[in-house]
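Open the model in your viewer and keep the sequence panel in sight. This tour goes from one selection to the next and says what is there at each stop.

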Amino acid sequence: MTSTADQLYREAGQHFAPALARLARSVERDAEKARELEQEMHCALWSSLARFDGRCALKTWVYRVAHNVAADHVARAVKGPQRVPIEEIGELPSPANVETDTAETLALAQVQELVRRLPPTDMQVIVLWLEGESAATIAEITGLSAGAVNVRVHRIKALLASHFAHPSPEEPLP
């Protein structure tokens with residue numbers, strides 16, 4: 001690794017490390033696996049910066065590498081859950097814990113789960129939008145047009161909101 005690449009990595013870490021951590025947590029539910037994914041993103045970023053030629057912004061490069069690592073992670077997870085012997089299974093999550101969480105925590109968990117279930121490109125678009133990136137930046141990272149990004153953001157927001165719609169007063173409560 002050259003000193004330029006080292007300097008770029010330090011700069012990228014200084015500016016984008018929190019965003020990479022949030023991206024990892026948005027992709028992976030398990031906290032330990034999210035930390036591993038975050039480390040994987042940093043390793044991929046560090047090794048990729050030797051090829052960075054400045055034809056795009058450093059931010060674009062960082063997000064592109066991170067999203068590629070996240071997409072690979074999701075693709076591996078889709079292939080199927082890792083099987084373990086029943087003796088190695090620790091404590092199972094209790095649904096009662098969810099019921100005792102605050103409404104905000106529950107809503108956030110539901111949004112995170114809905115985001116995880118989106119197709120990879122839609123997940124990338126909405127995570128970057130939630131990071132505050134512009135449609136032009138998201139378009140540069142994902143390879144979509146800015147118009148397509150805006151349409152996807154609008155569609156995904158409507159889809160997410162539909163899961164939290166309140167029943168009308170005429171509808172009986174379940």
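Two residues are in contact when heavy atoms of theirs lie within 4.5 Å. The model is predicted.

**Helix α6 and its cover**

Select residues 120–130, which form helix α6. Buried here are D122, M123, Q124, V125, I126, V127 and L128. Now add the elements that cover these buried residues: among them are α1 (3–27), α3 (58–78), α5 (103–117), α7 (135–142) and α8 (146–162). Just past the end of α6, pick G132, whose phi is positive, at about 90°.

**The whole chain**

Zoom out and colour by secondary structure. There are 8 helices and 0 strands, so the order along the sequence reads α-α-α-α-α-α-α-α. The protein has 174 residues, and 32% of them count as buried. Take the contacts between residues at least 6 apart in sequence: 63% of these join residues at least 24 apart. Switch on the surface if you like; the accessible area comes to about 11,500 Å², and carbon and sulfur atoms account for 56% of it.

**The nonpolar core**

Which residues touch the most other members of the largest nonpolar core? Select M41, L45 and L49, which do so in a core of 40 residues. Helices α1, α2, α3, α5, α6, α7 and α8 each supply at least two residues of this core. As a general point, nonpolar side chains in soluble globular proteins tend to be buried together.

Stay on L45 and show what is around it. Leaving aside neighbours within four places in sequence, L45 is in contact with Y9, A12, L20, W61, V62 and V65.

Next select S48, which lies in helix α2 (residues 31–48). Is S48 buried or exposed? Its relative accessibility is 2%, so S48 counts as buried. Not counting residues up to four places away in sequence, S48 touches W61 and V65. Both of these residues were also on the contact list of L45.

**An aromatic pair**

Keep W61 selected and add F52. The structure has 2 aromatic pairs. One of them is formed by F52 and W61, and the arrangement is edge-to-face, with 5.3 Å from centre to centre and 75° between the planes. F52 has a relative accessible area of 17%, so F52 is buried. W61 is buried as well, at 14% relative accessibility.

**Salt bridges around E113**

Turn to charged side chains. The structure holds 10 salt bridges. Select R29 and E113: their side chains meet in one of these, at 2.4 Å from N to O. R29 sits in the loop between α1 and α2 and E113 in helix α5, so the pair links distant parts of the chain, 84 residues apart. Which of the two is exposed, R29 or E113? R29 is exposed, with a relative accessible area of 57%, whereas E113 is buried at 18%.

Add R116 to the selection. E113 also forms a salt bridge with R116, at 3.4 Å from N to O. Both residues lie in helix α5, 3 residues apart, which is about one turn of the helix. Both of them are buried.

**From α6 to α8**

Go back to helix α6 and pick D122, then add R155. These two form a salt bridge whose closest N and O atoms are 3.3 Å apart. This pair, too, links distant parts of the chain: D122 is in helix α6 and R155 in helix α8, 33 residues apart. D122 counts as buried, at 6% relative accessibility, while R155 counts as partly exposed, at 43%. To finish with the charged groups, select R29, E113, R116 and R117 together: salt bridges that share partners join these residues into one network.

**Cysteines**

How many disulfides are there? The count is 0. For a last stop, select C43 and C56. C43 is exposed, with 52% relative accessibility, whereas C56 is buried, with 14%.

Notes:
Residues are numbered from 1 along each chain as its sequence is written. This is a predicted model: local features need pLDDT of at least 70, side-chain atom pairs count only at pLDDT 80 or more; totals for chains, interfaces and linings use all residues. Side-chain values use heavy atoms; hydrogens and water are left out. Rings of Phe, Tyr and Trp (its six-membered ring) pair if their centres lie within 6.5 Å; planes under 30 degrees apart count as stacked, over 60 as edge-to-face and the rest as tilted. Buried means under 20% relative accessible area, exposed over 50%, partly exposed in between (1.4 Å probe, protein chains only). Helices (H or I, at least four residues) and strands (E, at least two) are DSSP runs, numbered from the N terminus. A disulfide is a pair of cysteine sulfur atoms within 2.5 Å. Accessible areas come from the Shrake-Rupley method with a 1.4 Å probe; for residues, only the protein chains shown count as cover. A salt bridge is a side-chain nitrogen of Lys or Arg within 4 Å of a carboxyl oxygen of Asp or Glu. A nonpolar core is a set of buried Ala, Val, Leu, Ile, Met, Phe, Trp, Tyr and Cys residues joined through side-chain atoms within 4.5 Å.
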